[in-house]
Amino acid sequence: MTPLRLLGFMLLLLGSLFVWTAQAAPQGQRTALVLHVNGPIGPATSDYVAQGIERAVAGGSPLLIIQMDTPGGLDSSMREIIKAILASPVPVVTYVSPSGARAASAGTFILYASHIAAMAPGTNLGAATPVQIGGGGPPISPTPGSEGAAKEDAPKREDASATKALNDSIAYIRSLAEMRGRNADWAEAAVRSSASLSATAALNENVIDFTARDMRELLTSLNGRKIAVNGGDVTIDTRNLIVTDIHPNWRSKLLGAITNPNIALILLMIGLYGLLFEFMNPGALYPGTIGGICLLIGLYALAALPVNYAGIALILFGVALMTGEAFSPSFGILGVGGLFAFAFGATILIDTDIPQFQISWPLLGSLALASLVILIATGRLALTSRHRAIVSGREELEGQAGTIIDWADEKGHVLAHSEVWRAASAVPLEKGQRVRVIGLNGLTLNVEPLTESAQSTRSSET
């Protein structure tokens with residue numbers, strides 16, 4: 001046996017041994033899955049958590065841990081995560097970690113919804129007041145001079161929708177607190193007056209179940225705890241439990257990228273301008289293909305975000321006005337109006353005041369500037385093309401010089417513009433004579449003799 005074949009046989013043997021070892025692992029080996037929720041909560045986060053819970057259920061995991069550090073996020077995504085947690089047959093533990101992390105706003109709701117809530121020392125939670133949609137009015141705050149934030153009357157607000165959102169959030173977090181046996185009064189204070197707590201204070205206020213410095217201490221504290229899961233009692237056993245980190249897959253990463261409002265707006269604009277260039281140059285294919293794909297992806301991303309439809313309408317109207325300026329010059333009226341409509345529409349496009357889901361002002365300025373450059377360039381091309389000589393069509397033939405090929409009875413054939421045409425003239429002509437086209441009647445040229453002055457004028461124009 002040659003050394004090369006021997007090496008191949010050994011590699012094959014080692015590979016088979018590795019596969020056998022993996023398959024022969026003890027069937028009783030138990031694994032706890034750990035999801036990492038870092039940053040603002042959006043559509044990608046809810047998809048990631050839902051997939052993690054499904055994987056835990058399918059793999060028979062005795063425990064699912066959500067390690068959290070979030071400033072909050074979208075209400076719709078938060079509610080999807082909570083629905084998945086409440087319906088999970090696997091106990092879900094939310095752990096605010098590492099030290100310095102927080103579970104603010106939407107994170108507080110998720111913490112309350114979990115079967116077990118834990119925090120690392122040096123972390124905090126709270127500030128769960130719903131951010132106003134649309135950005136109108138100041139933040140919701142308790143009425144001056146009131147005592148006991150958890151027992152205050154509903155604040156009097158000029159904006160009825162903000163009050164409805166506040167009361168809805170209070171009722172929601174109180175229902176979660178009552179379900180899990182946690183402090184409902186403090187939960188209401190966190191929503192009504194943006195109250196916050198440290199990890200130690202949260203433990204004393206019966207907001208969380210315990211504190212843990214790291215994952216090992218978390219598993220130790222969980223061992224032996226009895227909790228209610230889907231109407232039944234479950235005793236958590238963390239002995240010999242293996243912890244496995246589950247990271248977002250390509251789908252969640254892609255969803256997280258395109259649901260960034262700035263990326264969604266860029267895709268939308270690439271799509272609109274791509275289709276515009278395709279309509280201006282039929283058959284180019286590349287602008288239309290790329291533009292169509294980007295437009296569909298951008299619309300899908302916007303559908304997952306809290307979008308103000310007036311903003312989309314203004315963006316489309318602005319692009320339409322700028323397109324109208326390109327095809328029907330109006331001395332800048334349509335172009336400037338379209339530019340302002342586009343800029344204002346992009347400003348109000350995302351219907352939330354959450355900073356992480358706002359359109360970047362530098363990006364907005366860049367897109368507006370790019371639209372202005374495209375508008376000026378298109379207008380310049382349109383203006384210069386009006387002063388250029390006609391190079392095709394009926395008008396281009398008029399004034400052209402030609403040569404008589406044959407002639408009889410006021411008609412014959414003429415070589416003009418490198419083509420042979422039927423021609424007619426009221427003036428007697430002869431073969432080889434130079435003539436000038438003065439009109440076109442169907443497919444017959446009307447010609448006249450080419451004088452020396454006309455020939456010199458034609459030469460100077462050329």
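This is a walk through the fold, from its main sheet to its cores, a hairpin and one buried loop residue.

The model is predicted. The protein has 16 helices and 16 strands. Of its 462 residues, 41% are buried. Take the contacts with a sequence separation of 6 or more: 64% of them join residues 24 or more positions apart.

Start with the open sheet. Strands of a sheet pair through backbone hydrogen bonds, either parallel or antiparallel. Here six strands line up in the order E8-E5-E3-E2-E1-E11, and the pairing is parallel. Strand E8 (210-211) and strand E11 (241-246) stand at the edges. Each has a single partner strand, so one side of each is left without a neighbour in the sheet. Further in, five bridges pair strand E2 (residues 64-69) with strand E3 (residues 92-96) in the parallel sense. To find the register, look for Leu-64, which stands opposite Val-92 in E3.

Helices pack on this sheet. Helix H2 (residues 43-58) touches strand E1 (30-38), E2 and E11. The direction of H2 makes about 175° with that of E1. Helix H4 (residues 106-113) also packs on the sheet, where H4 touches E2, E3 and strand E5 (116-119). The direction of H4 makes about 140° with that of E3.

H2 has a helix partner too. Two packed helices are described by the angle between their axes and the distance between the axes. For H2 and helix H3 (residues 75-87), the angle is about 10° and the axes are 8 Å apart. H2 and H3 are therefore roughly parallel to each other. H2 brings Pro-43, Thr-45, Ser-46, Val-49 and Ile-53 to the contact. H3 brings Ser-77, Glu-80, Ile-81, Ala-84 and Ile-85. By class, that makes six nonpolar, three polar and one charged residues.

Now the interior. The largest nonpolar core has 50 residues, and Phe-109 and Leu-125 have the most contacts inside it. What does Phe-109 touch, leaving aside its neighbours within four places in sequence? Its partners are Met-78, Ile-82, Ala-128, Ser-169, Tyr-172, Ile-173, Leu-176 and Val-191. A second core, separate from this one, has 33 residues. Among them are Leu-268, Leu-302, Ile-312 and Val-319.

Leu-302 leads to a loop residue. Ile-350 lies in the loop between helix H13 (333-347) and helix H14 (361-386). Is Ile-350 buried or exposed? Its relative accessible area is 7%, and the cut-off for buried is under 20%, so Ile-350 counts as buried. Not counting residues up to four places away in sequence, Ile-350 touches Pro-261, Leu-302, Leu-305, Pro-306, Phe-357 and Ile-359. Pro-261 is 89 residues away from Ile-350 in sequence. In space, the two are 7.3 Å apart, C-alpha to C-alpha.

Finish with strands E13, E14 and E16. Strand E13 (residues 411-416) and strand E14 (residues 419-424) run antiparallel, joined by six bridges. Gly-412 stands opposite Ala-423 in E14. The two strands E13 and E14 form a hairpin, with two residues between them. His-417 sits in the turn and has a positive phi of about 60°. E14 is also joined to strand E16 (residues 444-449), through three bridges, and this pair runs parallel. There, Arg-422 stands opposite Thr-444 in E16. E14 thus pairs antiparallel with E13 and parallel with E16.

Definitions and conventions: Residues numbered from 1 in each chain as written. Predicted model: local features only at pLDDT ≥ 70, side-chain atom pairs only at ≥ 80, totals over all residues. Heavy atoms only, no water. Pairing = 2+ DSSP bridges. Helix = DSSP H or I, 4+ residues; strand = E, 2+ residues; numbered from the N terminus. Contact = heavy atoms within 4.5 Å. Axes fitted to C-alpha atoms, helices over the stretch in contact; angles between N-to-C directions. Core = buried A, V, L, I, M, F, W, Y, C linked by side-chain atoms within 4.5 Å. Buried < 20%, exposed > 50% of the residue type's maximum accessible area, 1.4 Å probe, protein only. Parallel < 35°, antiparallel > 145°, perpendicular 65-115°, else oblique. Nonpolar A, V, L, I, M, F, W, Y, C, P; charged D, E, K, R; others polar.
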